[in-house]
Amino acid sequence: MSSYTSLEGNFKVESDKCKYTDDSILADYTYETTVVEGNVVKPVKTEMKIKTETAVGKTGVMLVGLGGNNGCTCVAGSIANKLGITWETKEGTQKPNYFGSVMMASTVKLGNDASGNSVYTPMNNMLPMVHPNDIVWGGWDISKMNLGDAMKRSKVLDVNLQEKLYPHMKDIVPLPSLYFPDFIAANQGERADNVLSGTKQEQMDVIRKNIQDFKADNKLDKVILLWTANTERFASIEEGINDTAKNLLDSIARNEPEISPSTVFATASILEGCTFINGSPQNTFVPGVVELASEKKVFVAGDDFKSGQTKMKSVLIDFLVGAGIKPVSIVSYNHLGNNDGKNLSAPSQFRSKEISKSNVVDDMVASNTILFEEDEHPDHVVVIKYVPYVADSKRAMDEYTSEIFMGGKNTIVMHNTCEDSLLATPLIYDLVILGELCSRMSFSYDGRDFEGFHPVLSLLSYMLKAPLVPNGAPVVNALFGQRCAIVNVMRACLGLAPDNFMTLEHRLSSMLDAANSTGEPSSKKARME
């Protein structure tokens, strides 16, 4: 029998550290850290109060790139789940789900039952969260194709499902978007039949009006913007242009050429008080954008969806380095045939992706000075090729070569076929769900007023290749650590201690005897009697 049980329904924490009110959950929480000063190690405790508002307002999401593979798949998935649409394949009847979404399809350990069995609950059962079925979707695209036809063009979903979804999607038409040809590949020009005109200031004003109208027309409490459009080339960081919030706004007003479409969208979103999430690898968040977000106290998060090859890399390198094995060469090859691959076939757009993919191992390598000397890094090469025939079914091949005991070598080779948009789309749901939840959390300590998270919302790093963090904060790429941060923040909101794997209750005879004396039947298999 399994030693795990499941708690599906709502639960309530009974503790003097957790109080439920009509509109919030209030938790008293001891945040414990460790400070190292030279050869002296000091445990530090900070007494905090955490408030989580429980009312989940009506939420709208505006996607930049609504008509792309990710955009139309995202809307299609939400509709299919909401309406319970089933479809036929050669394997039989298929039902909609949110597999691949850590917030919707994973569980977290809540605690143990009286017999010591681990009790797990869905992650979205931990705190009140927005459900993708309830989100209102909208957005922009440089192509005016309606989402029904865009879904057919993308060739992501099964044909029978497309046929059933088409009546629900054919009337959804993206708003005209920003198109600055210098920032994306020239081969995207053939799709650009739905673009705004005028100066960058005039176009940003239109975007802001679109957000205002979307919110008012749908009677929304909040709107989140998310970039799932083409990868742009990196923008130059230039003094007087985009280095401060004031200079950025002035540069948009005078139509400076080095202000990218994604930066204009981010600026418009911040000025409207809407969280902006960047799912592509370019440097949308130039210093002026980050400063503006800080001034307006609006969340920004990025960069670049972490869906397939890079997610595996952040797990495997963490394992190798943590096991005392030294990775010395990492070679990653991809080929794909969707529009993302077509855009990335241009050198400057590929360079943006190469940077986001390459930096994912840095923190794990730096953590082990036994294996790596200062400034020593594995050889790390990333290759991406455009092969139209494979369409959205991306192929990823990786070779990891490591040094092992007494001069030995170990090579791991991995082949991964990733249905690109079906892996990326659940990340959009996750980023929105977690971003919205974070907007309802606030913290107080040392008698200070309650404050929310820093505007650079690094808690979303689990879903992103190149996590954006506040100045002075470390970048964490290890997937396990990123997920633990999400889970333990939610536990803190309930006044619960961080989850850990000490499980002393299973390792000390007296604790095991006490658990067994309850008379409750244990579902654990005994290896020894």
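Is D171 buried or exposed? D171 counts as exposed, because its relative accessibility is 61% and the cut-off for exposed is over 50%. This value, like the others below, comes from a predicted model.

## Overall form

The protein contains 15 helices and 19 strands. Its radius of gyration is 24 Å, close to the 24 Å that the globule rule gives for 529 residues, so the protein is as compact as a globular protein of that length. Along the principal axes, the C-alpha atoms fill a box of roughly 75 × 65 × 60 Å. Of the 529 residues, 51% count as buried.

## Salt bridges

Side chains of opposite charge can pair when their charged atoms come close. The structure has 14 salt bridges. Three of them are listed here.

| Salt bridge | Closest N and O atoms |
|---|---|
| D171 and K170 | 3.5 Å |
| E436 and K222 | 2.8 Å |
| D420 and K394 | 3.5 Å |

D171, the exposed residue of the opening question, forms its salt bridge with K170. K170 is partly exposed, because its relative accessible area of 35% falls between the limits of 20% and 50%.

The salt bridge between E436 and K222 links distant parts of the chain, since E436 lies in helix α13 and K222 in strand β12 (residues 222-227), 214 residues apart. E436 has a relative accessibility of 1% and therefore counts as buried.

Helix α13 also holds D420, whose partner K394 lies in strand β17 (residues 393-403). These two residues are 26 residues apart, and this pair too is described as linking distant parts of the chain. Both D420 and K394 are buried.

Salt bridges can also be joined to one another. D182, R233 and E258 are linked in a network of this kind.

## Strands and sheets

An open sheet is formed by 6 strands in the order β11-β10-β5-β12-β13-β14, with parallel pairing. The edges of this sheet are β11 (175-176) and β14 (300-301); each has a single partner strand, so one side of each is left without a neighbour in the sheet. Within the order, β5 is listed beside β12. Strand β5 (residues 59-64) is joined to β12 by 6 bridges, and the two run parallel. The bridge partner of V64 in β12 is W227. Strand β12 is also where K222, the partner of E436, is found.

Strand β15 (residues 326-336) pairs with two strands in different directions. With β17 it shares 9 bridges, and the two run antiparallel. With strand β16 (residues 379-386) it shares 8 bridges, and here the two run parallel. I330 stands opposite Y400 in β17, while L336 stands opposite Y386 in β16. Of the 11 residues of β15, 8 are buried, so this strand is largely enclosed by the rest of the structure.

## Pockets

Rolling a probe the size of a water molecule over the atoms shows where empty space is left. The largest pocket holds about 1200 Å³ of space. Its lining is made up of 38 residues, and those nearest its centre are Y31, F453, L459, A485 and V489. Four elements each give two or more residues to this lining: β3 (24-37), β4 (40-53), β19 (441-445) and α14 (479-492). The largest share, 7 residues, comes from α14. By class, the lining of the largest pocket has 24 nonpolar, 10 polar and 4 charged residues.

The second largest pocket has a volume of about 660 Å³. It is lined by 25 residues, of which W87, N97, L157, L161 and L422 are the closest to its centre. The elements that give two or more residues to its lining are α1 (69-83), β6 (87-89), α4 (159-169) and α13 (420-438). Helix α13 thus appears here again, having already been named as the helix that holds E436 and D420. The lining of the second largest pocket divides into 14 nonpolar, 7 polar and 4 charged residues.

Terms used:
Residues are numbered from 1 along each chain as its sequence is written. This is a predicted model: local features need pLDDT of at least 70, side-chain atom pairs count only at pLDDT 80 or more; totals for chains, interfaces and linings use all residues. Side-chain values use heavy atoms; hydrogens and water are left out. On a 1 Å grid over the protein atoms alone, a cavity is a set of points where a 1.4 Å probe fits but cannot get out, and a pocket is an open set with protein on both sides within 12 Å along at least five of seven lines; lining residues have an atom within 4 Å of a point. Grid points are joined across faces, edges and corners, and a volume is the space filled by probe spheres set on the points. Ala, Val, Leu, Ile, Met, Phe, Trp, Tyr, Cys and Pro count as nonpolar, Asp, Glu, Lys and Arg as charged, and the others, Gly among them, as polar. A salt bridge is a side-chain nitrogen of Lys or Arg within 4 Å of a carboxyl oxygen of Asp or Glu. Buried means under 20% relative accessible area, exposed over 50%, partly exposed in between (1.4 Å probe, protein chains only). Two strands pair if DSSP finds at least two bridges between them. The radius of gyration is taken over C-alpha atoms; the globule rule is 2.2 Å times the number of residues to the power 0.38.
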